[in-house]
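Please find below my notes on this entry, set out as numbered points to be read alongside the sequence and the coordinates.

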Amino acid sequence: MPKAVMANAGFEAWRADFRARAEAAGVPSDALRALDKAQFLPKVVALDSAPAETTRTLGDYIASAASPQRIKAGQVVMARYPTLLGRIEKKYDVAREVIVAIWGMESSFGAVRGSAPVLSTLASLAYDGRRRALFENELLAALKILAAGDTTPAQMTGSYAGAMGHTQFMPSSFLSHAVDFNRDGRRDIWADDPTDALASTAAYLRAKGWQKDQPWAYEVQLPKGFDLARTGRVYAQRLRDWARLGVTHASGKKLSGSDAGALILPAGPTGPVFMVFDNFHVLKTYNYADSYVIGVGHLSDRLAGGAPIIAKFPGNPWGMTTAERQELQKRLNALGFKAGRPDGVIGEMGRAAIRSYETARGVPVTGVPSRDLLVALR
């Protein structure tokens, strides 16, 4: 039997089973009929199954996220919607620059919202089985959105991962946080009018703990000889305590205030160093990648009139080539220390794996990647 025929036969069997479960969960017949028209999309499964290779350095990613063109486009839309953004800002206590930055990163300010049929996308990913529970939950949420009358199956389009609208909400996030800000009876994040999408994004961030007037992060400078074992998101302390250790703003200005922050080294100690705050973690609930959070955060700063990042991004973070960093991750993973996908990007997960390895060996715990560590692992 041809592979495509077998896949479709399996898809039909899965759909019949899922349909029965959705009906038992209270999904009405109209929404179930929309599910009956969903198609199996092999391209979606192939994109989800393929390893996502890191094709850009962090420096390149940030330069693209806050490019002059995107900053200018963001300023244009902020000038176009001052009243709307002001109302959203007042209601949800989230700065308009942050909302616009997410909008720019997710859909180029509404220009690229995705045209894939969401029900077919989610059904294909749920049937695929690699993350069946996740996508079955998202598919059930999508059916509930249709049942509520917020949109139609034809209008419910999005990315090949099922994210939807101007700010790319997954259906489960939509159900929990979307709002009808223009009061037309529908939470419409798909329309050309971005009102509901932008307000829903602000509502999401506030629900996740966004703190008004607190920065997401800012660039700092470490003193010579600083103990890098003190860096990492898990080691937050008061700004005055960091100041006593010689940490300053990137400009050299002394740190002040009672907020607690943590130091992260996304490109190693020779690249930009950031003091991150609670709002950094809120942005990570939107997209867990540090690169995304730094991209959104820095774009929002630039839209608010902030300066470019001062420190340069090194060609070889941590003084190691990409191949060496990948080997380090692979060797840690092989020993049972979870360093993440071996993509050469050593973030918090990789540093935690190094700390665990160092603890197990009984050596000083630093969490610092290095060629010496790689030699010890070989």
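1. In this predicted model, Leu 263 has Met 275 of strand E7 as its bridge partner, and Ile 264 is likewise matched with a residue of E7, namely Phe 274. These contacts belong to the pairing of E6 with strand E7 (residues 273-276), which runs in the antiparallel sense over 3 bridges.

2. Strand E6 (residues 260-264) has 4 of its 5 residues buried, and it is therefore largely enclosed by the rest of the structure. The cut-off behind this reading is that a residue counts as buried when its relative accessible area is under 20%.

3. Strand E6 also pairs with strand E4 (residues 237-238), again in the antiparallel sense, and here the pairing extends over 2 bridges. Within this pairing, Gln 237 finds its bridge partner in Gly 261 of E6.

4. Turning to E7, I note that both of its faces are covered, since Val 273 and Met 275 on one side, and Phe 274 and Val 276 on the other, are all buried. Met 275, the bridge partner of Leu 263, and Phe 274, the bridge partner of Ile 264, thus lie on opposite sides of the strand.

5. Strand E7 is paired with E3 as well, in the antiparallel sense and over 4 bridges; in this pairing, the bridge partner of Val 220 is Val 273 of E7. Val 273 is among the buried residues of E7 and shares its side of the strand with Met 275.

6. Strand E3 (residues 217-221) is in turn joined to E5 by 2 bridges, with the two strands running antiparallel, and Gln 221 stands opposite Thr 248 in E5.

7. Taken together, these pairings give an open sheet of 5 strands in the order E4-E6-E7-E3-E5, with antiparallel pairing. Strands E4 and E5 (248-249) stand at the edges, and because each has a single partner strand, one side of each is left without a neighbour in the sheet.

8. A separate point concerns charge on the surface, where Arg 87, Lys 91, Arg 183 and Arg 206 form a positive patch. Of these residues, Lys 91 lies in helix H6, which spans residues 82-92. Is Lys 91 buried, partly exposed or exposed? Its relative accessibility is 47%, so Lys 91 counts as partly exposed, given that the partly exposed class lies between the limits of under 20% for buried and over 50% for exposed.

How values were computed:
Residues are numbered from 1 along each chain as its sequence is written. This is a predicted model: local features need pLDDT of at least 70, side-chain atom pairs count only at pLDDT 80 or more; totals for chains, interfaces and linings use all residues. Side-chain values use heavy atoms; hydrogens and water are left out. Patches are made of residues with over 30% relative accessible area and no salt bridge: like charges are joined within 9 Å, nonpolar side chains (Val, Leu, Ile, Met, Phe, Trp, Tyr) within 5 Å. Accessible areas come from the Shrake-Rupley method with a 1.4 Å probe; for residues, only the protein chains shown count as cover. A salt bridge is a side-chain nitrogen of Lys or Arg within 4 Å of a carboxyl oxygen of Asp or Glu. Lys and Arg count as positive and Asp and Glu as negative; His and the chain ends are not counted. The place of a charge is taken as NZ of Lys, CZ of Arg, CG of Asp or CD of Glu. Buried means under 20% relative accessible area, exposed over 50%, partly exposed in between (1.4 Å probe, protein chains only). Two strands pair if DSSP finds at least two bridges between them.
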